[in-house]
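Reader: I would like a close look at a single part of this protein, taken slowly and set against the rest of the chain. Please choose one helix, and tell me how its residues are placed.

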Amino acid sequence: MARVAVVGAGVIGLSAAVCIQKLEPTAQVTIISEEFSPHTTGDGAAGLWTPFLVGSTPLDKVKKWSKATHDFLLELWNTENGGKLGIMLLPVTRVTSDDSLNDEAWKDTVFGYRVLTKKELAATEIPDLTYGTKFVTFICEPAKLLPYLLQRFKEKGGKVIKQRVSDLKTLQHEFDIVVNCTGVQAHHVVGDKKVKPIRGQVLKVEAPEISHAFLSDCEDGHYVIPNQDSVTLGGTHQENDWNRNPYPEDTKFIKEGCEKLYPTLKQAKLVREWVGLRPGRESVRLELEIINIPGGAPLKVKFIIVSQTLLRNNTPTFDLVIAKGVKYLF
Ligand SMILES: Cc1cc2nc3c(=O)[nH]c(=O)nc-3n(C[C@H](O)[C@H](O)[C@H](O)COP(=O)(O)OP(=O)(O)OC[C@H]3O[C@@H](n4cnc5c(N)ncnc54)[C@H](O)[C@@H]3O)c2cc1C
(Lines give C-alpha, C1' and ligand atoms only; values in the text may rest on other atoms or scores of the structure.)
Protein backbone atom coordinates (compact mmCIF):
# COMPACT_ATOMS: atom_id res chain seq x y z
CA MET A 1 0.00 0.00 0.00
CA ALA A 2 1.54 3.28 -1.13
CA ARG A 3 1.71 6.02 1.49
CA VAL A 4 1.07 9.30 -0.29
CA ALA A 5 1.42 12.80 1.19
CA VAL A 6 -0.23 15.69 -0.61
CA VAL A 7 1.30 18.91 0.66
CA GLY A 8 -1.14 21.80 0.31
CA ALA A 9 -4.91 22.08 0.69
CA GLY A 10 -5.73 24.64 -1.98
CA VAL A 11 -7.82 23.71 -5.00
CA ILE A 12 -4.85 21.86 -6.48
CA GLY A 13 -4.01 19.86 -3.36
CA LEU A 14 -7.58 18.86 -2.57
CA SER A 15 -8.54 17.93 -6.09
CA ALA A 16 -5.26 16.04 -6.55
CA ALA A 17 -5.87 14.13 -3.30
CA VAL A 18 -9.39 13.17 -4.38
CA CYS A 19 -8.11 12.08 -7.81
CA ILE A 20 -5.36 9.95 -6.27
CA GLN A 21 -7.87 8.16 -4.02
CA LYS A 22 -9.94 7.38 -7.10
CA LEU A 23 -6.99 6.20 -9.19
CA GLU A 24 -5.29 4.22 -6.44
CA PRO A 25 -8.00 3.10 -4.00
CA THR A 26 -5.47 1.13 -1.96
CA ALA A 27 -3.20 4.13 -1.35
CA GLN A 28 -3.21 5.73 2.09
CA VAL A 29 -3.44 9.42 1.28
CA THR A 30 -2.65 12.20 3.78
CA ILE A 31 -3.05 15.92 3.17
CA ILE A 32 -0.52 18.02 5.08
CA SER A 33 -1.12 21.73 4.91
CA GLU A 34 -0.36 24.90 6.78
CA GLU A 35 -3.70 26.47 5.81
CA PHE A 36 -7.10 25.22 4.72
CA SER A 37 -10.18 26.90 3.29
CA PRO A 38 -11.13 29.74 3.82
CA HIS A 39 -7.46 30.75 3.90
CA THR A 40 -6.21 29.50 0.53
CA THR A 41 -5.73 31.39 -2.72
CA GLY A 42 -8.90 30.06 -4.30
CA ASP A 43 -11.08 31.30 -1.45
CA GLY A 44 -11.33 34.81 -2.89
CA ALA A 45 -11.24 33.85 -6.56
CA ALA A 46 -14.44 33.93 -8.61
CA GLY A 47 -13.64 30.50 -10.04
CA LEU A 48 -14.46 31.00 -13.69
CA TRP A 49 -13.46 28.11 -15.93
CA THR A 50 -11.41 29.20 -18.93
CA PRO A 51 -7.79 28.14 -19.28
CA PHE A 52 -6.00 31.25 -20.47
CA LEU A 53 -2.30 31.92 -20.67
CA VAL A 54 -0.76 28.61 -19.82
CA GLY A 55 2.57 29.74 -21.12
CA SER A 56 4.60 27.16 -23.00
CA THR A 57 2.56 24.21 -21.74
CA PRO A 58 1.79 22.04 -24.79
CA LEU A 59 -1.63 22.79 -26.23
CA ASP A 60 -2.71 19.14 -26.34
CA LYS A 61 -2.13 18.85 -22.58
CA VAL A 62 -3.97 22.05 -21.81
CA LYS A 63 -6.89 20.86 -23.91
CA LYS A 64 -6.93 17.43 -22.30
CA TRP A 65 -6.72 18.72 -18.71
CA SER A 66 -9.14 21.55 -19.17
CA LYS A 67 -11.70 19.33 -20.88
CA ALA A 68 -11.39 16.87 -17.97
CA THR A 69 -12.11 19.71 -15.56
CA HIS A 70 -15.07 20.89 -17.59
CA ASP A 71 -16.46 17.35 -17.54
CA PHE A 72 -15.88 17.20 -13.77
CA LEU A 73 -17.83 20.43 -13.26
CA LEU A 74 -20.61 19.22 -15.56
CA GLU A 75 -20.84 16.01 -13.55
CA LEU A 76 -21.04 17.93 -10.24
CA TRP A 77 -23.49 20.46 -11.66
CA ASN A 78 -25.79 17.59 -12.55
CA THR A 79 -25.96 16.35 -8.96
CA GLU A 80 -28.05 17.55 -6.05
CA ASN A 81 -24.92 19.36 -4.77
CA GLY A 82 -24.47 21.55 -7.86
CA GLY A 83 -26.04 24.64 -6.30
CA LYS A 84 -24.38 24.19 -2.91
CA LEU A 85 -20.99 24.14 -4.64
CA GLY A 86 -21.61 27.46 -6.34
CA ILE A 87 -21.54 25.87 -9.77
CA MET A 88 -23.40 27.87 -12.38
CA LEU A 89 -23.49 27.93 -16.14
CA LEU A 90 -22.64 31.49 -17.01
CA PRO A 91 -22.82 33.47 -20.24
CA VAL A 92 -19.43 35.11 -20.80
CA THR A 93 -18.27 37.89 -23.10
CA ARG A 94 -14.54 38.25 -23.48
CA VAL A 95 -12.95 41.07 -25.43
CA THR A 96 -9.38 41.98 -26.11
CA SER A 97 -7.14 44.43 -27.90
CA ASP A 98 -4.38 41.81 -27.97
CA ASP A 99 -3.90 40.18 -31.37
CA SER A 100 -2.06 37.22 -29.86
CA LEU A 101 -5.07 35.93 -27.91
CA ASN A 102 -5.26 32.19 -28.45
CA ASP A 103 -8.53 30.51 -27.65
CA GLU A 104 -7.68 27.16 -29.29
CA ALA A 105 -7.36 25.47 -25.90
CA TRP A 106 -10.92 26.03 -24.86
CA LYS A 107 -13.20 27.12 -27.66
CA ASP A 108 -14.33 23.57 -28.43
CA THR A 109 -15.00 22.75 -24.79
CA VAL A 110 -17.29 25.61 -23.78
CA PHE A 111 -20.89 25.80 -24.92
CA GLY A 112 -22.08 28.02 -27.76
CA TYR A 113 -18.74 29.62 -28.57
CA ARG A 114 -18.86 32.32 -31.22
CA VAL A 115 -16.77 35.26 -32.35
CA LEU A 116 -18.24 38.73 -31.94
CA THR A 117 -18.98 40.76 -35.04
CA LYS A 118 -17.33 44.14 -35.60
CA LYS A 119 -20.65 45.76 -34.83
CA GLU A 120 -20.87 43.96 -31.50
CA LEU A 121 -17.30 44.96 -30.63
CA ALA A 122 -18.08 48.58 -31.43
CA ALA A 123 -21.21 48.43 -29.29
CA THR A 124 -19.09 47.80 -26.20
CA GLU A 125 -17.66 51.34 -26.60
CA ILE A 126 -14.26 50.06 -25.47
CA PRO A 127 -11.58 51.60 -27.71
CA ASP A 128 -9.10 49.56 -29.79
CA LEU A 129 -10.80 46.18 -29.47
CA THR A 130 -9.53 43.68 -31.99
CA TYR A 131 -11.38 40.53 -30.99
CA GLY A 132 -14.17 39.26 -28.84
CA THR A 133 -16.04 36.06 -28.11
CA LYS A 134 -19.18 34.91 -26.39
CA PHE A 135 -19.70 31.53 -24.84
CA VAL A 136 -21.28 29.76 -21.89
CA THR A 137 -19.16 28.01 -19.32
CA PHE A 138 -19.00 27.01 -15.69
CA ILE A 139 -18.20 29.03 -12.67
CA CYS A 140 -17.44 27.10 -9.51
CA GLU A 141 -16.82 29.02 -6.31
CA PRO A 142 -13.71 27.60 -4.68
CA ALA A 143 -14.91 28.79 -1.26
CA LYS A 144 -17.81 26.34 -1.62
CA LEU A 145 -16.00 23.62 -3.56
CA LEU A 146 -13.02 23.29 -1.21
CA PRO A 147 -14.95 22.21 1.92
CA TYR A 148 -16.83 19.70 -0.25
CA LEU A 149 -13.60 18.21 -1.65
CA LEU A 150 -12.12 17.97 1.85
CA GLN A 151 -15.22 16.20 3.12
CA ARG A 152 -15.19 13.80 0.15
CA PHE A 153 -11.51 13.09 0.80
CA LYS A 154 -12.12 12.31 4.48
CA GLU A 155 -15.08 10.07 3.69
CA LYS A 156 -12.77 7.93 1.54
CA GLY A 157 -10.43 7.44 4.49
CA GLY A 158 -8.05 10.33 3.79
CA LYS A 159 -6.08 11.74 6.70
CA VAL A 160 -5.51 15.44 7.33
CA ILE A 161 -2.65 17.11 9.20
CA LYS A 162 -2.45 20.87 9.76
CA GLN A 163 1.23 21.59 9.70
CA ARG A 164 3.84 23.58 7.83
CA VAL A 165 6.40 21.47 5.96
CA SER A 166 9.75 23.21 5.80
CA ASP A 167 11.45 20.62 3.58
CA LEU A 168 9.78 17.78 1.64
CA LYS A 169 12.68 15.51 2.56
CA THR A 170 11.45 15.45 6.17
CA LEU A 171 8.55 13.31 4.90
CA GLN A 172 10.89 10.58 3.71
CA HIS A 173 10.30 8.03 6.48
CA GLU A 174 6.53 8.27 6.68
CA PHE A 175 5.70 8.46 2.96
CA ASP A 176 6.69 6.82 -0.32
CA ILE A 177 5.31 9.56 -2.55
CA VAL A 178 4.94 13.27 -1.95
CA VAL A 179 2.75 15.42 -4.18
CA ASN A 180 3.76 19.03 -3.96
CA CYS A 181 0.78 21.37 -4.26
CA THR A 182 2.05 24.35 -2.30
CA GLY A 183 1.09 26.94 -4.90
CA VAL A 184 3.23 30.04 -4.93
CA GLN A 185 5.04 28.81 -1.81
CA ALA A 186 6.79 26.24 -4.01
CA HIS A 187 9.17 29.13 -4.65
CA HIS A 188 10.38 28.60 -1.06
CA VAL A 189 9.41 25.00 -0.22
CA VAL A 190 11.14 23.36 -3.19
CA GLY A 191 13.21 26.33 -4.30
CA ASP A 192 11.55 26.50 -7.72
CA LYS A 193 12.53 30.06 -8.53
CA LYS A 194 10.48 29.95 -11.72
CA VAL A 195 7.43 30.12 -9.47
CA LYS A 196 6.56 33.70 -8.66
CA PRO A 197 3.55 35.50 -7.24
CA ILE A 198 1.15 37.28 -9.49
CA ARG A 199 -0.69 39.42 -7.00
CA GLY A 200 -4.41 39.80 -7.62
CA GLN A 201 -6.70 42.23 -5.88
CA VAL A 202 -10.47 42.00 -6.26
CA LEU A 203 -13.59 43.59 -4.83
CA LYS A 204 -16.68 41.61 -3.89
CA VAL A 205 -19.90 43.58 -4.22
CA GLU A 206 -23.63 43.01 -4.00
CA ALA A 207 -25.13 43.32 -7.48
CA PRO A 208 -27.71 40.56 -8.03
CA GLU A 209 -28.80 42.26 -11.25
CA ILE A 210 -25.60 41.05 -12.96
CA SER A 211 -25.80 37.52 -14.33
CA HIS A 212 -23.34 37.77 -17.21
CA ALA A 213 -19.54 37.70 -16.95
CA PHE A 214 -17.57 40.29 -18.88
CA LEU A 215 -13.80 40.04 -19.24
CA SER A 216 -11.80 42.77 -20.88
CA ASP A 217 -8.15 42.13 -21.56
CA CYS A 218 -7.58 45.77 -22.38
CA GLU A 219 -5.39 47.93 -20.15
CA ASP A 220 -4.61 45.77 -17.12
CA GLY A 221 -7.75 43.75 -17.62
CA HIS A 222 -10.99 44.55 -15.86
CA TYR A 223 -13.50 41.81 -15.26
CA VAL A 224 -16.92 41.40 -13.72
CA ILE A 225 -17.84 37.87 -12.72
CA PRO A 226 -21.06 37.02 -10.87
CA ASN A 227 -21.09 34.36 -8.20
CA GLN A 228 -24.21 33.24 -6.32
CA ASP A 229 -24.02 35.70 -3.41
CA SER A 230 -21.79 38.46 -4.76
CA VAL A 231 -20.07 39.73 -7.87
CA THR A 232 -16.29 39.66 -8.17
CA LEU A 233 -14.72 42.75 -9.71
CA GLY A 234 -11.16 42.58 -10.90
CA GLY A 235 -8.45 42.92 -11.09
CA THR A 236 -4.77 43.32 -10.83
CA HIS A 237 -1.91 41.12 -11.99
CA GLN A 238 1.26 42.32 -10.29
CA GLU A 239 4.19 40.08 -10.90
CA ASN A 240 6.67 39.44 -8.06
CA ASP A 241 4.57 41.34 -5.53
CA TRP A 242 4.13 39.31 -2.31
CA ASN A 243 1.95 41.90 -0.52
CA ARG A 244 -1.41 40.47 0.58
CA ASN A 245 -2.86 43.79 1.77
CA PRO A 246 -5.25 45.72 -0.49
CA TYR A 247 -3.81 48.86 -2.10
CA PRO A 248 -6.22 51.86 -2.18
CA GLU A 249 -5.05 52.75 -5.70
CA ASP A 250 -5.95 49.25 -6.88
CA THR A 251 -9.40 49.57 -5.33
CA LYS A 252 -9.91 52.80 -7.26
CA PHE A 253 -8.62 51.25 -10.50
CA ILE A 254 -10.93 48.23 -10.21
CA LYS A 255 -13.97 50.21 -9.15
CA GLU A 256 -13.69 52.80 -11.90
CA GLY A 257 -12.85 50.26 -14.64
CA CYS A 258 -15.72 47.94 -13.76
CA GLU A 259 -18.20 50.79 -13.36
CA LYS A 260 -17.40 51.76 -16.94
CA LEU A 261 -18.35 48.25 -18.02
CA TYR A 262 -21.49 48.12 -15.86
CA PRO A 263 -22.69 51.57 -14.66
CA THR A 264 -25.11 49.87 -12.26
CA LEU A 265 -22.08 48.95 -10.13
CA LYS A 266 -21.86 52.56 -8.92
CA GLN A 267 -24.70 51.71 -6.54
CA ALA A 268 -23.34 48.31 -5.51
CA LYS A 269 -22.52 47.70 -1.85
CA LEU A 270 -18.89 46.73 -1.22
CA VAL A 271 -18.77 43.45 0.70
CA ARG A 272 -15.06 42.76 0.77
CA GLU A 273 -11.67 43.66 -0.65
CA TRP A 274 -9.39 40.69 -1.13
CA VAL A 275 -5.85 39.95 -2.28
CA GLY A 276 -4.40 36.61 -3.34
CA LEU A 277 -1.12 35.45 -4.82
CA ARG A 278 -1.53 33.39 -7.97
CA PRO A 279 1.21 30.83 -8.52
CA GLY A 280 2.85 32.17 -11.67
CA ARG A 281 5.15 30.03 -13.76
CA GLU A 282 6.26 29.98 -17.40
CA SER A 283 4.63 26.56 -17.85
CA VAL A 284 2.77 23.98 -15.85
CA ARG A 285 5.04 21.76 -13.83
CA LEU A 286 3.56 18.29 -13.64
CA GLU A 287 6.41 15.86 -13.32
CA LEU A 288 8.03 13.19 -11.25
CA GLU A 289 11.34 13.61 -9.49
CA ILE A 290 13.11 10.88 -7.53
CA ILE A 291 15.05 12.25 -4.60
CA ASN A 292 17.75 9.96 -3.23
CA ILE A 293 18.30 10.72 0.41
CA PRO A 294 21.19 9.06 2.28
CA GLY A 295 19.98 6.53 4.84
CA GLY A 296 16.53 5.94 3.35
CA ALA A 297 14.49 4.80 0.40
CA PRO A 298 14.29 7.16 -2.56
CA LEU A 299 11.43 9.62 -2.18
CA LYS A 300 9.26 10.12 -5.23
CA VAL A 301 8.18 13.72 -5.42
CA LYS A 302 5.42 14.63 -7.81
CA PHE A 303 5.18 18.29 -8.60
CA ILE A 304 2.00 20.01 -9.50
CA ILE A 305 2.56 23.67 -9.99
CA VAL A 306 0.25 25.80 -11.92
CA SER A 307 1.21 28.00 -14.79
CA GLN A 308 0.06 31.56 -14.77
CA THR A 309 2.43 33.32 -17.06
CA LEU A 310 2.17 37.06 -17.03
CA LEU A 311 1.88 37.97 -20.66
CA ARG A 312 0.81 41.34 -21.84
CA ASN A 313 -2.64 41.06 -20.39
CA ASN A 314 -2.62 38.23 -17.95
CA THR A 315 -5.88 36.55 -17.10
CA PRO A 316 -6.25 33.94 -14.40
CA THR A 317 -5.94 30.35 -15.44
CA PHE A 318 -8.50 27.95 -14.13
CA ASP A 319 -6.25 25.86 -11.98
CA LEU A 320 -8.58 23.00 -11.29
CA VAL A 321 -7.53 22.05 -14.77
CA ILE A 322 -4.11 21.20 -13.55
CA ALA A 323 -5.14 19.00 -10.69
CA LYS A 324 -7.02 16.81 -13.12
CA GLY A 325 -3.68 16.26 -14.78
CA VAL A 326 -2.59 14.22 -11.80
CA LYS A 327 -3.95 11.11 -13.46
CA TYR A 328 -1.15 11.37 -15.99
CA LEU A 329 1.38 11.00 -13.18
CA PHE A 330 0.14 7.84 -11.48
C1 LIG B 1 -7.61 37.69 -7.47
C2 LIG B 1 -7.59 36.30 -8.02
C3 LIG B 1 -8.62 35.88 -8.84
C4 LIG B 1 -8.58 34.62 -9.40
N5 LIG B 1 -9.63 34.21 -10.18
C6 LIG B 1 -9.61 32.97 -10.72
C7 LIG B 1 -10.69 32.51 -11.51
O8 LIG B 1 -11.69 33.18 -11.74
N9 LIG B 1 -10.59 31.26 -12.02
C10 LIG B 1 -9.51 30.50 -11.77
O11 LIG B 1 -9.46 29.39 -12.24
N12 LIG B 1 -8.48 30.89 -11.02
C13 LIG B 1 -8.52 32.11 -10.48
N14 LIG B 1 -7.48 32.52 -9.71
C15 LIG B 1 -6.33 31.64 -9.54
C16 LIG B 1 -6.56 30.59 -8.47
O17 LIG B 1 -7.26 31.09 -7.38
C18 LIG B 1 -5.22 30.05 -7.96
O19 LIG B 1 -4.33 29.84 -9.01
C20 LIG B 1 -5.44 28.74 -7.23
O21 LIG B 1 -6.34 28.97 -6.17
C22 LIG B 1 -4.11 28.19 -6.73
O23 LIG B 1 -4.38 27.01 -6.04
P24 LIG B 1 -3.24 26.17 -5.37
O25 LIG B 1 -3.88 25.01 -4.71
O26 LIG B 1 -2.16 25.90 -6.36
O27 LIG B 1 -2.55 27.13 -4.32
P28 LIG B 1 -3.07 27.68 -2.92
O29 LIG B 1 -4.54 27.87 -2.91
O30 LIG B 1 -2.22 28.86 -2.64
O31 LIG B 1 -2.77 26.52 -1.93
C32 LIG B 1 -1.49 26.22 -1.46
C33 LIG B 1 -1.65 25.37 -0.25
O34 LIG B 1 -0.36 24.93 0.18
C35 LIG B 1 -0.21 25.17 1.57
N36 LIG B 1 1.20 25.37 1.83
C37 LIG B 1 2.03 26.28 1.25
N38 LIG B 1 3.27 26.13 1.77
C39 LIG B 1 3.21 25.12 2.66
C40 LIG B 1 4.17 24.49 3.49
N41 LIG B 1 5.44 24.89 3.53
N42 LIG B 1 3.77 23.48 4.28
C43 LIG B 1 2.48 23.05 4.27
N44 LIG B 1 1.54 23.62 3.50
C45 LIG B 1 1.90 24.63 2.70
C46 LIG B 1 -1.06 26.40 1.82
O47 LIG B 1 -1.37 26.53 3.20
C48 LIG B 1 -2.26 26.08 0.95
O49 LIG B 1 -3.15 25.22 1.61
C50 LIG B 1 -7.50 33.76 -9.12
C51 LIG B 1 -6.50 34.16 -8.26
C52 LIG B 1 -6.53 35.42 -7.71
C53 LIG B 1 -5.44 35.84 -6.78
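Author: What follows looks at helix α6, with Lys 255 as the way in, and then turns to other parts of the protein.

The model is a predicted one, and the description should be read with that in mind. In outline, the protein has 7 helices and 15 strands, and of its 330 residues 49% count as buried. Among the contacts with a separation of 6 or more, 78% are made by residues 24 or more positions apart.

Helix α6 takes in residues 248-261, and Lys 255 has its place there. The helix has 14 residues and reaches 20 Å from its first C-alpha to its last, which is close to the 20 Å expected at 1.5 Å a residue. Its buried residues are Asp 250, Ile 254, Gly 257, Cys 258 and Leu 261. These cover an arc of only 95° around the axis, and therefore lie on the same side of α6. The general background is that an α-helix has 3.6 residues a turn, so residues three or four places apart point the same way. On the face turned away from that buried side, α6 carries the exposed residues Pro 248, Glu 249, Lys 252 and Glu 256.

What do the buried residues of α6 pack against? Their partners are the strands β8, β9 (213-216), β10 (223-226) and β11 (231-234).

Is Lys 255 itself buried, exposed or partly exposed? Lys 255 counts as partly exposed, because 18 other C-beta atoms lie within 10 Å, whereas a buried residue would need 20 or more and an exposed one 12 or fewer. The C-alpha atom of Lys 255 is separated by 7.5 Å from that of Leu 233, although the two residues are 22 residues apart along the chain.

Strand β8 (196-206) leads from this helix to the ligand, since β8 is one of the strands that the buried residues of α6 pack against, and it is also one of the elements, together with α1 (11-23), β2 (28-33) and β13 (269-280), that each supply at least two residues of the shell around the ligand. There are 38 residues around the ligand, of which Gly 8, Gly 10, Gly 183, Gly 200 and Gly 276 come nearest. By type, the residues of the shell divide into 17 nonpolar, 16 polar and 5 charged.

Two other helices can be set beside α6. Helix α4 (residues 142-155) has 14 residues and reaches 19 Å from its first C-alpha to its last, close to the 20 Å expected. The buried residues of α4 are Pro 142, Lys 144, Leu 145, Leu 146, Leu 149, Leu 150 and Phe 153, and what covers them includes α1, β2 and β5 (131-140). Just after α4, Gly 157 takes a positive phi of about 90°.

Helix α2 (residues 59-77) has 19 residues and reaches 26 Å from its first C-alpha to its last, close to the 27 Å expected. In α2 the buried residues are Val 62, Trp 65, Ser 66, Thr 69, His 70, Phe 72 and Leu 73. They cover an arc of only 155° around the axis, which puts them on the same side of α2, while Asp 60, Asp 71 and Glu 75 are exposed on the other side.

How values were computed:
Residues are numbered from 1 along each chain as its sequence is written. This is a predicted model: local features need pLDDT of at least 70, side-chain atom pairs count only at pLDDT 80 or more; totals for chains, interfaces and linings use all residues. Helices (H or I, at least four residues) and strands (E, at least two) are DSSP runs, numbered from the N terminus. The expected span of a helix is 1.5 Å times one less than its number of residues. The arc is that of the directions from the helix axis to the C-beta atoms. A residue is near a molecule or strand if its C-beta atom, placed from the backbone, lies within 6 Å of it. Ala, Val, Leu, Ile, Met, Phe, Trp, Tyr, Cys and Pro count as nonpolar, Asp, Glu, Lys and Arg as charged, and the others, Gly among them, as polar. Two residues are in contact if their C-beta atoms, placed from the backbone, lie within 7 Å.
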